[in-house]
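Reader: I should be grateful for a close look at how aromatic rings meet in this structure. Please take me through it step by step, and then on to the elements that surround the rings.

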Amino acid sequence: MTEYKRPEPGDVFRFFEEIAAIPHGSYNTTRISSYLANFAKERGLEYVQDEIENVIIYCPASEGYENAEPVILQGHMDMVCEKETGLDIDMKNEAIKLMLDGDFLTADGTTLGGDDGIAVAMMLALLDSKEYKHPALECVFTVDEETGLEGAEGIDVSNLHGKRMINIDSEEEGIFTVSCAGGSAAEGHIPVSRVKAQGDAYVLRLSGLLGGHSGMEIDKERANSDITMGRILSDLSSRVIFKLVNFRGGTFDNAIPKETTAEILVSSGKEFLDEMVADLRTKLHNEFHASDPDVDLELTKLEAPGCDPIDSESTSRIIAYLLNVPNGIINMSMDIKGLPEVSLNLGVCELKDLEFRTLHGLRSSVESRLRSLQKRLTSYYLLFGGTVEHKLFYPGWEYKPDSALRDTCVAVYKEVYGKDPEVVATHAGLECGFFAGKMGTDFDAVSIGPDMFDVHSPNEKLSIPSTQRTWNYLLKVLKALK
């Protein structure tokens, strides 16, 4: 790595430097939001800064483009703040130190904020110059995308006049995203009863799984540690009599759980435990050698249980729940080959005092199918004597068979690069989903961006040559939208 020296395009990277000097992690966007508002004031540009700190800056059309439909450009101003272990930096108050690593822009021991600072920098470079040809621009800078698309959820789209939007939040050059899933969270509760009991206490720990994002990795057949632990407990119950004391697995509804622990109180059959756990470990290695090669199952004897166990009926009911709960891909898209259309992820399980609490992440690019899945899950909980609450709904962005904006973007890409781009949909949720949900069937959008690697980690890198090409491509698209 070498000291930072501004690369080309200079007007884009100049603004990226200014952004990097302003702490702008999620929920810490007041300073960068004010910076954007002051940017507009200093240049005499109309703008809106709403109460949650989203900013929209308006730019008049270039000469000859006055009759063209406005174009919305959109990106988010917040970043994920991570740093190397032991690094002495306060990312809430200190600037990011930019560095060069060959053809890559990176940061010294922290996340770079290329996601999505490069979109902010490109929009500011456009707004700051009169040399580029374009229709009227409505540049939208949202807050708190990284924490749940909160800025896009809260924005008032009545302040927007355009219906076609270029989102600059993709991380692979030449890949155009044209659809995304909507979704919701579901919190389930199954009541249990605890009893006084005697026996030997053990902890089963399932670990080494890869986990991953339930939108991006749900199609990779990775093991779900909560679901797999249910199977382990079921297999053990064939020769071992036990009651469940504690159960804990997963961290978020939208993350495939990669580690689960279960504490059991054994009243009979403890002599079979070591052999059965060893056999299960071998079976798991055999089954998941491709998807989760480091899977491991450990058994540890405890001096005493952590608390009273739940009774035998509750134990059997929780195991049956884990064996049968819908999970993973429910439907594949018939429009886009290889795209999961509907999925369900059991992200968190926790045996609390008198209930088994769960969190699910539901996703679908077709809202009617999402609503159907919610009803299915509600019925499932009723069968086990429990309840479920559906919350945190966010809309999807359905694939548009006829898209004039997409056609223009593809044509310009082929002209510039000499080949077709890859047009894809994602099963993850994107800000475009909220805009699509609010702006109706006339909404037309494409998401693009330069190559970025290891985002959300201190190894984050932004490709400088890819940024140069993406910037020049964006200028040609805007010019073509006359």
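**Aromatic rings and their setting**

Author: In this predicted model, Phe15 is buried, with a relative accessible area of 1%. Phe39 is buried as well, its relative accessible area being 3%; the cut-off for a buried residue is under 20%.

A pair of aromatic rings is described by the distance of the centres and the angle of the planes. The structure holds 15 aromatic pairs. In one of them, the ring centres of Phe15 and Phe39 are 5.7 Å apart and the planes stand at 80°, so this pair is edge-to-face. The angle settles the matter because planes over 60 degrees apart count as edge-to-face. Phe15 belongs to helix 1 (residues 10–20) and Phe39 to helix 2 (residues 30–42), so their pairing ties together parts that are 24 residues apart in sequence.

The pair of Tyr380 and Phe384 has another geometry: with centres 5.0 Å apart and planes at 45°, it is tilted. Both of these residues are buried. They also belong to one aromatic cluster, which is formed by Phe247, Tyr321, Phe356, Tyr380, Tyr381 and Phe384.

Phe247 leads from the cluster to the strands. This residue stands opposite Ala262 in strand 15. Eight bridges join strand 13 (residues 241–249) to strand 15, and the two run antiparallel. Strand 15 (residues 260–268) is also joined to strand 11 (residues 200–207), by seven bridges and again antiparallel. Here Leu204 stands opposite Ala262, the residue that Phe247 also stands opposite. In a regular strand the side chains alternate between the two faces of the sheet.

Rings in this model also meet charged side chains. The charged end of Arg239 sits over the ring of Phe272, 4.1 Å from the ring centre. Likewise, the charged end of Lys482 sits over the ring of Tyr65, at 5.3 Å from its centre.

Helix 11 (residues 464–480) supplies further aromatic residues. Its 17 residues reach 24 Å from the first C-alpha to the last, close to the 24 Å expected at 1.5 Å a residue. Its N-terminal end is capped by Ser463, whose side-chain oxygen lies 3.2 Å from the backbone nitrogen of Ser466. Buried residues of helix 11 include Trp471, Tyr473, Leu474 and Leu478. An α-helix has 3.6 residues a turn, so residues three or four places apart point the same way.

Terms used: Residues numbered from 1 in each chain as written. Predicted model: local features only at pLDDT ≥ 70, side-chain atom pairs only at ≥ 80, totals over all residues. Heavy atoms only, no water. Phe/Tyr/Trp six-rings, centres within 6.5 Å; stacked < 30°, edge-to-face > 60°. Helix = DSSP H or I, 4+ residues; strand = E, 2+ residues; numbered from the N terminus. Buried < 20%, exposed > 50% of the residue type's maximum accessible area, 1.4 Å probe, protein only. Lys NZ or Arg CZ within 6 Å of the ring centre and 35° of its normal. Pairing = 2+ DSSP bridges. Expected span 1.5 Å × (residues − 1). Polar contact = N/O pair within 3.5 Å; in protein donor to acceptor, adjacent residues only side chain to side chain.
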